[in-house]
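Reader: I am new to this structure and would like a close look at one part of it, the salt bridges. Could you take me through them slowly, pair by pair, and then place them within the whole chain?

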Amino acid sequence: QAAVGSREGRRARLAAIFTGGAVLAIGLARALGSPTPAAGRDTLLVWAAMVPSLLAVAGTAWVLRMTSGQVVPSRTGSALLLAIVALDLGWVNLFTIETRSLDARADAPTCGLLGSAEQAGERRSFSPSYSLPQPYAQGCGIELADGVSPLQLTEYRDYMAAATGFPSVAYSVTLPPFAQGDPYADWQPKLDADMLGRLSVERIVSAYPLEVDGLSLLSTSRGVWVYRNERARPRAWLEPDGGQPSGGWRPVESLNWSPNRIRTTAEGPGRLVLSEVDYPGWQAYVDGERVPIGRDQGLLRSIVLPAGPHDVLFVFRPWSVYAGMALASLALAALAALWARR
């Protein structure tokens, strides 16, 4: 019986080796048979990424075989298996990253055409035609209100649908969504300058001319129309509590902004509004005392300020992150304890 089991084990290992070799051979053949060198290189890289996965499978099978035979793998073997798994995950993540040069598109607008981030006063830009791709905006130091993201928030999608005129019926990886698949096609956007202004959108970049109240044409060049939103607001402002009159707001005294910490000085009474999406985990403090955060237009963070000057601090402290760190620490401690007992 032992001999039969040994033969079956060898056959299983040989079958696994043959299958892995066949898979890699198919990948190599597809790469060599690609019509262009670039396509062949990309195909070869993708199939080469399977090597750590095959090693991880083989290592797992080895551990299971040793365990089934009442032989516990050594620390060195376990560490080797963990290293293979880590290599597999890192290798896969590496192949999901694609880098491109900013010079890849000759028709992309230049920073000089749009102006610098300092000229824009740290306000945002929006394009109904994706005429300012995110890599170029990043290179110019410009923040966008549109773009591509796999994590679009429902509240933000609904707000942008009302502000730009696209139907808010389903999830889309792009905002605005392009139903025809061509971002340069004129989908007849209906822009609301006031709503975009609350997002601190000062510049509109389009592949076609727009006729919108509140927009003034700044320039047109190389098939790109650049407009200024005359109703754009700063990143933070104060307005009377309980209403939003079009001319009743005023800017804050000072603003020190970072992704996870925002400090401002403002004179109340009124409602302080940040041109930032409200998200679970944000906390607000007025003169050191924690206060509740409300939502302006169902989207933006806002708090009510009493009369007089105030120091306001917004910090991002999500409980889920701390809970995850605690669970990860417990898991590492348990693993270390098990490792030490062996």
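Author: In this predicted model, Glu202 and Arg228 form a salt bridge in which the closest N and O atoms are 2.9 Å apart. Glu202 belongs to strand β5 (residues 201-206) and Arg228 to strand β7, so this pair ties together parts of the chain that are 26 residues apart in sequence. The two partners can be told apart by their surroundings: Glu202 has a relative accessibility of 6% and therefore counts as buried, the cut-off for that being under 20%, whereas Arg228, with a relative accessible area of 32%, is partly exposed.

A second pair joins the side chains of Arg198 and Glu239, which meet in a salt bridge at 3.5 Å, N to O. Here the link runs from helix α9 (residues 193-198), where Arg198 lies, to strand β8, where Glu239 lies, so that parts 41 residues apart in sequence are tied together. Arg198 is buried, and Glu239 is buried as well. These two residues also take part in a wider arrangement, since a network of salt bridges links Arg198, Arg233, Glu239, Arg271 and Asp296.

A third pair is made by Glu143 and Arg235, whose side chains meet in a salt bridge at 3.2 Å, N to O. Glu143 sits in strand β2 (residues 143-144), while Arg235 sits in the loop between β7 (224-229) and β8 (236-239), so the pair ties together parts that are 92 residues apart in sequence. Glu143 is partly exposed, its relative accessible area being 33%, but Arg235, at 9% relative accessibility, counts as buried.

To place these pairs within the whole, the structure holds 17 salt bridges, and the chain around them contains 10 helices and 15 strands. Of its 342 residues, 36% are buried. Among the contacts in the chain with a separation of 6 or more, 59% are between residues that are 24 or more positions apart.

The surface offers another kind of grouping to set beside the charged pairs. The chain exposes about 20,100 Å², of which carbon and sulfur atoms supply 62%, and a nonpolar patch on the surface is formed by Leu82, Leu332, Leu335 and Trp339, with about 390 Å² of accessible area together. Helix α10 (residues 319-341) gives the largest share of this patch, three residues. One residue of that helix is Leu335, which counts as partly exposed at 44% relative accessibility.

Notes:
Residues are numbered from 1 along each chain as its sequence is written. This is a predicted model: local features need pLDDT of at least 70, side-chain atom pairs count only at pLDDT 80 or more; totals for chains, interfaces and linings use all residues. Side-chain values use heavy atoms; hydrogens and water are left out. Helices (H or I, at least four residues) and strands (E, at least two) are DSSP runs, numbered from the N terminus. Buried means under 20% relative accessible area, exposed over 50%, partly exposed in between (1.4 Å probe, protein chains only). Contact means heavy atoms within 4.5 Å. Accessible areas come from the Shrake-Rupley method with a 1.4 Å probe; for residues, only the protein chains shown count as cover. Patches are made of residues with over 30% relative accessible area and no salt bridge: like charges are joined within 9 Å, nonpolar side chains (Val, Leu, Ile, Met, Phe, Trp, Tyr) within 5 Å. A salt bridge is a side-chain nitrogen of Lys or Arg within 4 Å of a carboxyl oxygen of Asp or Glu.
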